[in-house]
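User: I'm just starting out with protein models and I'd like a close look at one part, followed outward to whatever sits around it. Could you walk me through it?

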Amino acid sequence: MSIYDVAVIGSGPGGYVAAIRCAQLGMKTAIIEKYATLGGTCLNVGCIPSKALLDSSHHYEHAVKHFEEHGIEIPGDVKVNLEKMIARKKTVVDQTCDGVQFLMKKNNIDVFEGLGSFKDATHIDIIKNDGSVENIEAKHTIIATGSKPSTLPFITIDKERVITSTEALKLKEIPEHLVIIGGGVIGLELGQVYRRLGANVSVVEYMDRIIPGMDRGLSKELQKAMKKQGVKFYISHKVTGVNNTGDEVIITADDKKGRPVELKGDYCLVSVGRRPYTDGLNAANAGVQLNERGQVEVNDHLQTSTSNIYAIGDVIKGAMLAHKAEEEGVFVAETLAGQKPHIDYNLIPGVVYTWPEVAAVGKTEDELKEAGVSYKVGQFPFRALGRARASKDLDGFVKILADEKTDEVLGVHMVGARCADLIAEAVTAMEFRASAEDISRMSHAHPTFTEAIKEAALAATDSRPLHI
């Protein structure tokens with residue numbers, strides 16, 4: 001039987017990063033993955049493949065709608081080869097997963113393929129696809145088993161017409177009408193992919209706005225932008241039924257006044273969130289407790305009810321974000337090494353990779369109001385930037401929330417071009433507890449999209465933006 005200092009169950013961003021950091025710190029490390037490729041949901045059927053399709057569809061949309069105004073003329077019609085687009089996505093995924101495999105070898109991490117299942121607190125059964133079982137012993141274990149798509153009790157996911165994000169990433173045809181249940185990140189990103197390629201797209205959302213966990217201003221601006229792109233929204237609608245009739249799917253819902261609404265599409269993407277995945281883990285054998293939502297219970301040190309077992313990522317409380325899982329993986333590894341790491345969960349950014357992109361960090365206005373914090377707002381539109389006019393990415397704005405008395409930045413919310421990258425400046429500033437004035441006095445290269453952050457900071461400091 002092989003004996004390890006640390007065994008990691010799950011090879012997603014949290015798991016493989018945790019394994020690498022443990023190995024760097026001198027621990028003999030093993031990682032257990034039930035699938036044939038490493039990388040978990042994010043690399044295989046989540047973040048990476050969806051961004052590959054977003055980029056490909058963005059190129060197509062630009063060629064069809066915007067090349068001519070740039071003086072680029074293409075003879076003949078521009079056509080979509082969906083099969084080739086999906087093949088390119090697979091290549092990106094394969095290269096990324098191979099990269100993780102390389103990192104395991106580089107750091108002398110033993111990789112076991114199979115389902116990791118606790119025998120007790122220090123012994124793990126690895127159940128292989130052929131039914132054979134291998135057993136290892138680990139002084140410490142990190143649970144990083146991630147999440148799976150959720151559904152509603154009355155919806156049957158048939159993976160043919162009623163699909164999850166996993167199937168949406170490998171469709172063999174462009175839908176005539178894609179109906180999406182859920183106006184969150186995953187549904188909006190995949191909806192935009194297929195809208196760009198020519199599908200009619202309808203989004204049905206139970207809440208009173210899309211991306212409901214983010215600032216209300218971002219929700220409003222993104223919905224306005226996507227409406228211009230042709231996406232239809234049914235907000236404050238409660239889905240009551242989904243019926244696959246063979247060639248089409250009939251979705252029934254009640255609007256906010258209780259009136260029935262019926263939508264018909266050839267595909268229905270169910271995107272109502274994700275659930276923690278602990279199937280087959282046999283956590284109880286190790287004394288590891290789960291809460292009523294199926295999450296692994298952890299303390300402030302990410303330690304479970306069994307002291308030598310930790311858990312990270314989607315399987316515990318908090319936002320289901322790859323970069324959160326990575327931070328937690330490093331946190332646990334360094335804790336095991338006797339260091340004193342920290343994570344500020346308030347400063348983990350959230351991003352939506354639609355176009356315009358959406359990004360945020362810190363508190364929203366609703367959260368500040370609820371907490372009774374007096375704050376001031378500085379906001380600046382992208383359309384006032386020379387760089388935005390040059391690329392014609394005019395939608396969106398940057399909003400900075402700062403403490404009324406101290407001027408410390410409490411939240412930064414943005415929607416527009418390159419916001420997924422721009423948010424890093426806000427995270428850095430807030431990590432160092434910068435004031436709005438601090439940001440406003442930093443030199444920002446011209447012309448860039450980052451100038452919107454400086455201008456929003458000026459607006460928050462003393463209402464003196466320079467370019468509006």
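Within what distance do the axes of helix 3 and helix 4 come, and at roughly how many degrees do they cross?

Analyst: Sure! One thing before we start: this is a predicted model, where local features need pLDDT of at least 70 and side-chain atom pairs need 80 or more, while totals for chains, interfaces and linings use all residues. Residues count from 1 along each chain as its sequence is written, and side-chain values use heavy atoms, with no hydrogens or water.

Now your helices (DSSP runs of H or I, at least four residues; strands are E runs of at least two, all numbered from the N terminus). Helix 3 covers 47-65, and helix 4 takes in residues 82-106. Their axes come within 9 Å and cross at roughly 140 degrees (axes are lines fitted to C-alpha atoms over the stretch in contact, with angles from 0 to 180 degrees between N-to-C directions). Helix 3 and helix 4 are therefore oblique to each other (neither under 35, over 145, nor 65 to 115 degrees).

Helix 3 also helps to wall a pocket, the second largest one, which holds about 460 Å³ of space. A pocket is an open set of 1 Å grid points with protein on both sides within 12 Å along at least five of seven lines; a cavity is a set where a 1.4 Å probe fits but cannot get out, and lining residues have an atom within 4 Å of a point. Twenty residues line this pocket, and closest to its centre are His 66, Gln 229, Trp 355, Lys 392 and Asp 395. Which elements give two or more residues to that lining? They are helix 3 and helix 7, the latter at 216-228. Helix 3 provides four residues, the largest share. By class, the pocket lining has eight charged residues, seven polar and five nonpolar (Asp, Glu, Lys and Arg are charged; Ala, Val, Leu, Ile, Met, Phe, Trp, Tyr, Cys and Pro nonpolar; the others polar).

What about enclosed space? Searching the whole structure turns up two cavities of 30 Å³ or more. The largest cavity has about 60 Å³ of space. Among the residues lining the largest cavity are Pro 149, Ser 150, Thr 164, Ile 186 and Arg 274. That lining splits into five nonpolar, five polar and one charged.

The second largest cavity is about 30 Å³ in volume. Val 204, Tyr 234, His 237, Ile 251, Ala 253, Val 261 and Leu 263 surround this second largest cavity. Strand 13 and strand 14 are the elements that give two or more residues to its lining. Here the classes come out as six nonpolar, one polar and no charged residues.

Those two strands belong to an open sheet of three, in the order 12-13-14, with antiparallel pairing (strands pair if DSSP finds at least two bridges between them). Strand 12 (238-244) and strand 14 (260-265) sit at the edges with a single partner strand each, so one side of each has no neighbour in the sheet. From one strand to the next, the twist averages 20 degrees. Six bridges link strand 12 with strand 13, residues 249-254, in the antiparallel sense. If you'd like a spot to click on, Gly 241 stands opposite Thr 252 in strand 13.

For a contrast, try strand 1 (residues 2-9) and strand 6 (residues 133-143): they run parallel and are joined by seven bridges. Val 6 has His 140 in strand 6 as its bridge partner. Strand 6 also pairs antiparallel with strand 5, residues 123-127, over five bridges.

Definitions and conventions
Points joined across faces, edges and corners; volume = space filled by probe spheres on them.
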